[in-house]
Amino acid sequence: MPTLGGALKDLLFPPHCLGCGHRLAASRPPLLCPCCNASLTFLRSPLCSCCGRPFAAGADHLCGDCLAGHHAFDLARSLLHYRPPVSNLILALKFTGNLNGLATLRALIEREGLLAAFREPDLVLPVPLHRDRLRARGFNQALVLARECLPQWRRKIAIDVLLRHRPALPQSLLSGKERRRNLSKAFSLGQSGDRVAGTKILLIDDVYTTGSTVNECSRVLRRAGAERIEVLTVARSLAPGILP
Ligand SMILES: [Zn+2]
Ligand SMILES: [Zn+2]
């Protein structure tokens, strides 16, 4: 039931769809109009049982990359296909510090029951930013996402376990091979790195593109003795034609 205060606020400050800006009747997240809501593509089975890459048909199975052992993590899952309106929400979060989309992303994660895919972690690690980028941006979007979207695991979030050394070039400008080179030795253990051995880890990031960022983090964590490494990203970019 909407409260009187909530109804009054909606009347005075009418909420708008975060995708297209249309006026909405109520400010209860997700703040998406029916049209933008219908354009969301949730990533559901059939998926690669390890990295979560979606398949057009069939049952869950391992993709070629996972069969070849390319991934150092045990499981990766993303909520949505990275495209508008979700990409707009994430870009707004990342580059303009507009946090309005967080409650909407949290509501979508809850509605989809995404967390059921993951084991209860011992440590939740947001993929770190290099300190120069952190200073320029003012916040790490992966940390903000972890805090706001996983309230039940908030106490497990640790920001001094993984460190990012080099201000890597933006991955979006690079090819797959260059991405891997750009990231090699980009991460290491921070001052609380000794907490990793024998633990179940949940890595959080905003977007899974080629997986190289979370894979590099996973390699470092694996070497430090992590027992299990799972990866949650809000969205995943997909090559054209992967989904029908
Ligand atoms: Zn809309
Ligand atoms: Zn896979």
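This report describes how two domains meet in a predicted model, and then turns to one residue, D132.

The protein is divided into domain 1, which spans residues 1-39, and domain 2, which spans residues 41-236. Taken over C-alpha atoms, the centres of domain 1 and domain 2 are separated by 29 Å, and the contact draws 9 residues from domain 1 and 13 residues from domain 2.

The size of an interface is often expressed as the accessible area that is lost when the parts come together. Between them, domain 1 and domain 2 bury about 810 Å², of which 64% lies on carbon and sulfur atoms. On the side of domain 1, L18, P30 and S39 supply 56% of the area buried against domain 2, which is more than any other three residues supply.

As for polar interactions across the interface of domain 1 and domain 2, the rule finds 0 salt bridges, while 3 residue pairs, both members at pLDDT 80 or more, are in polar contact. The residues with which domain 1 touches domain 2 comprise 6 nonpolar and 3 polar ones, with no charged residue among them.

| Interface quantity, domain 1 and domain 2 | Value |
|---|---|
| Buried area | about 810 Å² |
| Salt bridges | 0 salt bridges |
| Polar contacts | 3 residue pairs |

Turning to the single residue, D132 lies in helix 6, which covers residues 131-137. D132 counts as partly exposed because its relative accessibility is 39%, a value between the bounds of 20% and 50%. The C-alpha atom of D132 is separated by 28 Å from that of S78, and the two residues are 54 residues apart along the chain.

Key
Residues are numbered from 1 along each chain as its sequence is written. Chains are lettered from A and ligands numbered from 1 in the order in which they are written. This is a predicted model: local features need pLDDT of at least 70, side-chain atom pairs count only at pLDDT 80 or more; totals for chains, interfaces and linings use all residues. Side-chain values use heavy atoms; hydrogens and water are left out. Domain bounds come from an automatic or database domain assignment. Contact means heavy atoms within 4.5 Å. Buried area is the accessible area (1.4 Å probe) that two parts lose on being put together, summed over both. A salt bridge is a side-chain nitrogen of Lys or Arg within 4 Å of a carboxyl oxygen of Asp or Glu. A polar contact is a pair of N or O atoms within 3.5 Å; within protein, one must be able to donate a hydrogen and the other to accept it, and residues adjacent in sequence count only if both atoms are side-chain atoms. Ala, Val, Leu, Ile, Met, Phe, Trp, Tyr, Cys and Pro count as nonpolar, Asp, Glu, Lys and Arg as charged, and the others, Gly among them, as polar. Helices (H or I, at least four residues) and strands (E, at least two) are DSSP runs, numbered from the N terminus. Buried means under 20% relative accessible area, exposed over 50%, partly exposed in between (1.4 Å probe, protein chains only).
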